[in-house]
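Subject: Structure handover

Hello,

Here is the structure I promised to pass on. Please open it beside this message and follow along; my notes come after it.

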Amino acid sequence: MKNIDKFLNYLKYQKNFSEHTVKNYKIDLTNFYEFVGKDKITIDLIRNYLKKLYENKYTSRTISRKVSSLKSYFKYLESENIIDDNPMSLISNPKVEKTLPNYLNYDDLERLLEAPDINNKYGLRDALILEMLYSSGCRVSELTNIKIKDINFKERKILILGKGNKERYVYYGTKCENLLNKYLEKETHEYLFTNKHGNKLNERIVRKIVDDNSKKARLDVHVTPHTLRHTYATHLLNDGADLKSVGDLLGHENLSTTQIYTHISNERLREVYLKAHPRARK
């Protein structure tokens, strides 16, 4: 549908959403229109669609995502004066039980970061990708769009274009700096991470690189680029960083988005208390 294509282009080029996110929106909207056909979209039709999702045993989290996709789509149509009334305005997202972000402990992280063979060109590139995801906390979509000109080598910081085309700086450490300098001895392309043809690496390949190296490191947990972002935030908070600063570094618009990480750091504080306080010991 023409309007769906316009909406997806809006998400990609104006909101700067990742390929992965845009793909999920497309799937959600396609599934919805396969159900409703060419009927006029009414609130009853939407409720029947949601009822069908529950009957098909979709999780609350998946249904909530689909509802959010529809809300964004119809809000866009309303803002573009394509529709007069928004049929999603009276639909609420189902309650979703909050789950803690998946993150790596220090030992597993070290095994993952050491997995690539930096003695060959692509092993060095993969090692830098893993190190930069953890060292900077950037999203995979942000990582793939880094250009060499965006890097301030003196201050070890990178200008990132985040969600909604908002710019922010992320920082990287000395280990990342060493890998970066070694990598750039052989790479002189516009984008930092490229394939064998010199073209910008896409998000799917980065996800595969992370997955392949987690298997190589024989980790028991499923690791994605976002796992490294979660690990970055958790380790910062565990080592004393304040929530507002971590949120700014992650590019969160709202502090409530960052607050889920406090559950992890609070659990660590509980463990410290139980081990260290005389009255807490058994």
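A residue is called buried if its relative accessible area is under 20%. That cut-off is needed for the strand described next. The model is predicted, so please read everything below as computed from a prediction.

**The sheet**

In strand β3, the side chains of R168 and V170 point to one face and are buried. Those of E167, Y169 and Y171 point to the other face and are not buried. This fits a general rule: in a regular strand the side chains alternate between the two faces of the sheet.

Strand β3 belongs to an open sheet of 3 strands, in the order β1-β2-β3, with antiparallel pairing. The edge strands are β1 (151-152) and β3 (167-171), and each of these pairs on one side only. In general, strands of a sheet pair through backbone hydrogen bonds, either parallel or antiparallel.

How many bridges join β2 to β3? There are 5, and the two strands run antiparallel, with β2 covering residues 157-161. You can find two of the partners yourself: I158 is matched with V170 in β3, and I160 with R168 in β3. Both of these β3 residues, R168 and V170, are on the buried face.

Strands β2 and β3 form a hairpin with 5 residues between them. In the turn, G164 has a positive phi of about 65°.

One contact here involves a charge: the charged end of K157 sits over the ring of Y169, 4.2 Å from the ring centre.

**The aromatic rings**

The structure holds 13 aromatic pairs. One of them is F7 with Y73, an edge-to-face pair with 5.3 Å from centre to centre and 70° between the planes. Because F7 lies in helix α1 (residues 2-14) and Y73 in helix α4 (residues 60-79), this pair ties together parts that are 66 residues apart in sequence. Both F7 and Y73 are buried.

Another edge-to-face pair is F32 with F74, at 6.3 Å centre to centre and 85° between the planes. This pair links distant parts of the chain, with F32 in helix α2 (residues 19-36) and F74 in helix α4, 42 residues apart. F32 and F74 are buried too.

Which residues form one aromatic cluster? They are F7, Y10, F17, Y25, F32, Y33, F35, Y49, Y73, F74 and Y76.

Regards

Notes. Residues numbered from 1 in each chain as written. Predicted model: local features only at pLDDT ≥ 70, side-chain atom pairs only at ≥ 80, totals over all residues. Heavy atoms only, no water. Phe/Tyr/Trp six-rings, centres within 6.5 Å; stacked < 30°, edge-to-face > 60°. Helix = DSSP H or I, 4+ residues; strand = E, 2+ residues; numbered from the N terminus. Buried < 20%, exposed > 50% of the residue type's maximum accessible area, 1.4 Å probe, protein only. Lys NZ or Arg CZ within 6 Å of the ring centre and 35° of its normal. Pairing = 2+ DSSP bridges.
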